[in-house]
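User: Could you take a close look at one part of this model for me? I would like to hear about the aromatic residues and what surrounds them.

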Amino acid sequence: MTIEEIQEELIDEFSMFDDWMQRYEYMIDLGKSLPLIDESKKTEDKIIKGCQSKVWLDAGLEGGKVKFTADSDAIITKGIIAILIRVFNNQAPEDILSANMDFIDEIGLKEHLSPTRANGLVSMIKKLKLYALGYQAQINS
């Protein structure tokens, strides 16, 4: 699936819920399906700066596609990173870099997060795209 198709799928899934309590519960469920980072990779250099809770993110390049793993010590934050990884996992670096992130506003995520969590969301996206940028440079060299 393309990034856009995955984003559309998420928009459809979130539109099934009537209120934000149900959406939070769904995000928590998504967090449980997150491809978990190996415990040995839960190091200081893998922590996303700018997040209130601890979020570890790791990536690797396999067959021209970026594979992400992550974890968080907070359930909502784990759900947020799970949504982002679902969108970006197993995608080409150039597609990740050019991806439009409007779906976040469409599902209403940003407006229902505290300011510190919203800042964390931006930091997560930056870190995901930074990994993609590094792998894109590797592919081009």
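Analyst: Phe 14, Phe 17, Trp 20, Tyr 24 and Tyr 26 come together as one aromatic cluster. Please keep in mind that this is a predicted model.

Within the cluster, take Phe 17 and Tyr 26: their ring centres lie 5.1 Å apart with the planes at 40°, and because stacked pairs need under 30 degrees and edge-to-face pairs over 60, this one counts as tilted. Tyr 26 has 18% relative accessibility, so the residue counts as buried, the cut-off being under 20%.

Phe 14 is a good place to look next. Setting aside neighbours within four places in sequence, Phe 14 is in contact with Trp 20, Arg 23, Tyr 26, Met 27, Leu 30, Ile 83 and Ile 107. Several of these names return where two helices meet. The axes of helix H1 (residues 3–15) and helix H2 (residues 20–32) come within 10 Å and cross at roughly 130°, which makes H1 oblique to H2. On the H1 side the contact is made by Leu 10, Glu 13, Phe 14 and Ser 15, and on the H2 side by Trp 20, Arg 23, Tyr 26, Met 27 and Leu 30. Sorted by class, this contact of H1 with H2 has six nonpolar, one polar and two charged residues.

From here we can follow Phe 14 into the interior. The largest nonpolar core has 44 residues, and Phe 14 is listed among those with the most contacts inside it, together with Met 27, Phe 68, Ile 81, Leu 84, Phe 88 and Phe 103. At least two residues of this core come from each of H1, H2, strand S1 (55–62), strand S2 (65–72), helix H3 (75–88), helix H5 (103–106) and helix H6 (115–140). H3 gives the most, with nine residues.

Back to the rings: the count of aromatic pairs in the model comes to five. One of them is formed by Phe 68 and Tyr 131, in an edge-to-face arrangement with 6.3 Å centre to centre and 75° between the planes. This pair links distant parts of the chain, since Phe 68 sits in strand S2 and Tyr 131 in helix H6, 63 residues apart. Both Phe 68 and Tyr 131 are buried.

One more stop, on helix H3, is Thr 77. With 4% relative accessibility, Thr 77 counts as buried. Beyond its neighbours within four places in sequence, Thr 77 is in contact with Ser 53, Val 55, Ser 72, Arg 117 and Met 124.

Terms used. Residues numbered from 1 in each chain as written. Predicted model: local features only at pLDDT ≥ 70, side-chain atom pairs only at ≥ 80, totals over all residues. Heavy atoms only, no water. Axes fitted to C-alpha atoms, helices over the stretch in contact; angles between N-to-C directions. Helix = DSSP H or I, 4+ residues; strand = E, 2+ residues; numbered from the N terminus. Parallel < 35°, antiparallel > 145°, perpendicular 65-115°, else oblique. Contact = heavy atoms within 4.5 Å. Nonpolar A, V, L, I, M, F, W, Y, C, P; charged D, E, K, R; others polar. Core = buried A, V, L, I, M, F, W, Y, C linked by side-chain atoms within 4.5 Å. Buried < 20%, exposed > 50% of the residue type's maximum accessible area, 1.4 Å probe, protein only. Phe/Tyr/Trp six-rings, centres within 6.5 Å; stacked < 30°, edge-to-face > 60°.
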